[in-house]
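Here's a walk through a protein–DNA model, written for someone who'd rather be at the bench. Have the structure open as you read.

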There are 2 protein chains.
Amino acid sequence: MAKVGIREVARVADVSVGTVSHYLNGTSPVSDDKSRRIQAAIDQLGFVRNNAGRQLRLGHSSTIAYVVPDVSNPFFATIAEGIEQRAAGRGLSVFLANSKGDQPREDAYLDLFEEHGVRGMIVASPGQIENRLASLSARGTPTVLMGQLASSPSQPSISIDDVLGGYIATKHLLDIGCRRIAFVGGPLSVRQVRDRLEGANRAVRESGAATLEVIDVETRVISAGHAVGDAIAARDPAMRPDGVFAVNDLVAIGMVQTLIAHGVRVPEELALTGYDDIEYAGSAIVPLTSVRPPHEEFGVAAVDLLLAVIDGEAPDPAHLVFAPELVARASTAR
Amino acid sequence: MAKVGIREVARVADVSVGTVSHYLNGTSPVSDDKSRRIQAAIDQLGFVRNNAGRQLRLGHSSTIAYVVPDVSNPFFATIAEGIEQRAAGRGLSVFLANSKGDQPREDAYLDLFEEHGVRGMIVASPGQIENRLASLSARGTPTVLMGQLASSPSQPSISIDDVLGGYIATKHLLDIGCRRIAFVGGPLSVRQVRDRLEGANRAVRESGAATLEVIDVETRVISAGHAVGDAIAARDPAMRPDGVFAVNDLVAIGMVQTLIAHGVRVPEELALTGYDDIEYAGSAIVPLTSVRPPHEEFGVAAVDLLLAVIDGEAPDPAHLVFAPELVARASTAR
DNA sequence: CGTTTCGATCGAAACGTTTCAAGAATACGC
DNA sequence: GCGTATTCTTGAAACGTTTCGATCGAAACG
């Protein structure tokens with residue numbers, strides 16, 4: 001398997017390398033005759049364009065990177081879809097990376113992509129990485145911070161108003177008559193958790209007539225919901241909350257499963273809402289009321305924002321904040 | 001932001017470019033004095049190594065690609081984790097791509113990665129892509145086919161014995177006393193579905209005392225399970241199967257939810273097993289018996305196989321087949 | 001002390017592509 | 001038939017890195 005380059009193609013087709021390049025890129029018209037000969041040579045030799053040489057000469061690649069803490073999270077996966085669609089429409093490919101919420105690993109990927117000369121990056125990270133992103137920008141790789149509002153006005157970011165989300169979820173519980181509200185979630189060091197709780201607080205404060213209990217969990221997965229569900233079912237019924245706002249759908253799903261298993265009626269005795277509106281939310285045993293961030297638009301908007309920054313047309317301040325909406329289902333239907 | 005290259009670093013540190021390269025790669029010893037000067041220059045200038053130049057000179061990159069139909073599928077996500085771990089241990093990075101089961105899109109990614117000169121690819125595809133992979137190999141990019149047994153002996157592949165999986169799932173149902181078995185899944189054009197059904201057939205045939213009904217579904221998601229669950233619950237109880245083997249956990253989860261909602265007792269009246277043992281399987285309302293493919297080992301083995309092929313040490317035939325195992329839970333506990 | 005070996009360093013060539021300025025060929029208008 | 005515009009084509013330079021052979025000083029050896 002001799003490696004075949006553009007000059008080999010040129011030799012076989014009996015044209016110059018420049019012409020082959022023009023043919024490949026449409027940079028300049030190529031006569032029909034030579035076009036045919038070139039294509040024939042490409043097919044015959046199995047020529048594949050070498051991106052390294054191309055990129056070296058061009059000075060940039062035609063890819064962007066999307067770095068997330070967890071690709072298997074349906075939330076990020078749906079956004080990825082929007083990103084890829086939009087990027088493809090702009091002639092860009094997307095490199096995906098899984099940081100697993102691990103800082104060193106995230107760093108390694110950021111370095112890797114920078115060395116690879118991506119045009120820009122969209123980074124969703126639970127951590128504090130604004131400084132890191134600022135360095136990247138300073139060296140010429142634009143970034144968009146996804147999922148949290150950037151504190152620096154010059155750092156483009158795209159996020160969801162989680163305070164508002166927490167507010168509308170809790171308001172909904174209050175509206176259907178709940179008075180002993182519980183917020184299930186943690187740890188508060190996670191921004192999103194903190195914001196949702198803050199929204200819940202605000203709604204309760206506004207109402208004036210309800211109480212808010214906080215039930216802390218370490219992880220935000222189904223099994224954590226099971227544990228909390230067990231604990232609540234074990235309480236004296238008078239001590240149970242009558243409305244629960246779970247920090248995400250996984251926790252809510254876990255809770256509803258055990259609550260029902262213990263004979264606690266949802267939503268009659270205890271109404272419950274989740275957050276994120278993942279695919280399974282509507283498919284749960286009691287279809288789950290949830291707060292839905294705008295998945296599809298989100299990815300598209302992220303790419304558009306990144307492209308704007310790349311083209312030096314960053315809006316200022318470059319922060320996009322999306323409002324989530326409530327999806328009411330059976331788990332709060334009174 | 002002037003682009004800063006290795007020669008700029010060399011100029012500032014007052015050494016030759018060759019020395020900087022040696023420092024970066026450890027190719028040859030560099031004196032402490034110059035090491036310090038070089039590092040200082042790098043920090044000062046914010047130098048980032050340009051991968052294009054490097055790769056062009058080297059003739060190859062240090063990345064491999066992992067192409068899957070659906071990154072958000074926990075099955076592929078878990079494997080990805082194993083792949084990344086192992087690859088990192090070998091000094092390789094992993095590029096992830098989402099083909100969405102879409103052939104043109106998959107093709108586009110394969111082209112992209114080939115142009116990028118990846119060292120090799122691990123490709124999970126529901127389609128017929130052996131010819132495509134053969135071309136890649138012929139042009140110098142080794143591949144490992146994941147998820148289906150390659151028909152060509154020379155095409156390395158790594159797969160799970162789905163026939164065996166279908167067999168043990170069905171055998172388990174027979175063992176606990178089921179006699180009217182139903183297989184829920186489709187379409188049969190999908191290899192994995194076909195194989196699982198074949199295993200089920202074999203188990204039923206062996207037993208001699210049971211019947212196997214096939215309930216076809218178009219998609220293998222929760223909502224499809226709901227539909228089938230509704231249909232079964234609507235039947236005259238005497239006409240219902242007493243044991244169901246669902247082609248995957250999503251379908252099984254959907255079924256168990258609606259069956260229970262309709263008052264059909266699981267597992268007493270109807271025992272049910274899923275397939276894949278996804279994270280949610282154990283967290284379902286009735287914890288789900290499932291067939292567990294060896295996730296972790298799988299990714300590691302895929303990388304090892306790919307590396308062997310890259311080094312020209314492909315075992316022959318280069319097919320690795322893993323055996324799944326049954327995880328018994330409440331949904332079949334009689 | 002002469003010779004060899006070894007460790008550091010250097011400068012230049014090479015990797016495969018795109019682009020640029022310029023040349024060749026063809027068509028056009030008169 | 002001549003100048004000129006137009007359409008194609010060309011060869012060479014440049015992108016940033018690694019690597020190779022050469023050089024040089026110092027240490028090791030007898």
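## Ground rules

A residue is near a molecule or strand if one of its heavy atoms lies within 4 Å of it. This is a predicted model, where local features need pLDDT of at least 70 and side-chain atom pairs count only at pLDDT 80 or more, while totals for chains, interfaces and linings use all residues. Residues are numbered from 1 along each chain as its sequence is written, chains are lettered from A and ligands numbered from 1 in the order in which they are written, and side-chain values use heavy atoms, with hydrogens and water left out.

## Around DNA strand D

Start with DNA strand D: 26 residues surround it, and the closest are Thr19(A), Ser31(A), Ile6(B), Arg54(B) and Arg57(B). Of the strand D atoms that come within 4 Å of the protein, sugar and phosphate make up 69%.

Now for some polar contacts (pairs of N or O atoms within 3.5 Å; within protein, one must be able to donate a hydrogen and the other to accept it, and residues adjacent in sequence count only if both atoms are side-chain atoms). Ser31(A) puts a polar side-chain atom 2.6 Å from a phosphate oxygen of strand D, and Ser16(A) has a backbone N or O atom 3.0 Å from a phosphate oxygen. Arg57(A) goes for a base instead: a backbone N or O atom sits 3.4 Å from a base oxygen.

## Around DNA strand C

Strand C has 27 residues around it, with Ile6(A), Arg54(A), Thr19(B), Pro29(B) and Ser31(B) the closest. Here 70% of the strand atoms within 4 Å of the protein belong to sugar or phosphate, and the rest to bases.

Which atoms of Ile6(A) and Thr19(B) lie by phosphate oxygens of this strand? For Ile6(A), a backbone N or O atom at 2.4 Å; for Thr19(B), a side-chain N or O atom at 2.6 Å. The side chain of Asn25(A) also has an N or O atom 3.1 Å from a phosphate oxygen.

## Where the two chains meet

Chains A and B are in contact (heavy atoms within 4.5 Å) through 41 residues of chain B and 41 of chain A. The rule finds 6 salt bridges across this interface, a salt bridge being a side-chain nitrogen of Lys or Arg within 4 Å of a carboxyl oxygen of Asp or Glu. One to look up is Arg105(B) with Glu81(A), at 3.3 Å from N to O. There are also 10 residue pairs in polar contact between the chains, both residues at pLDDT 80 or more.
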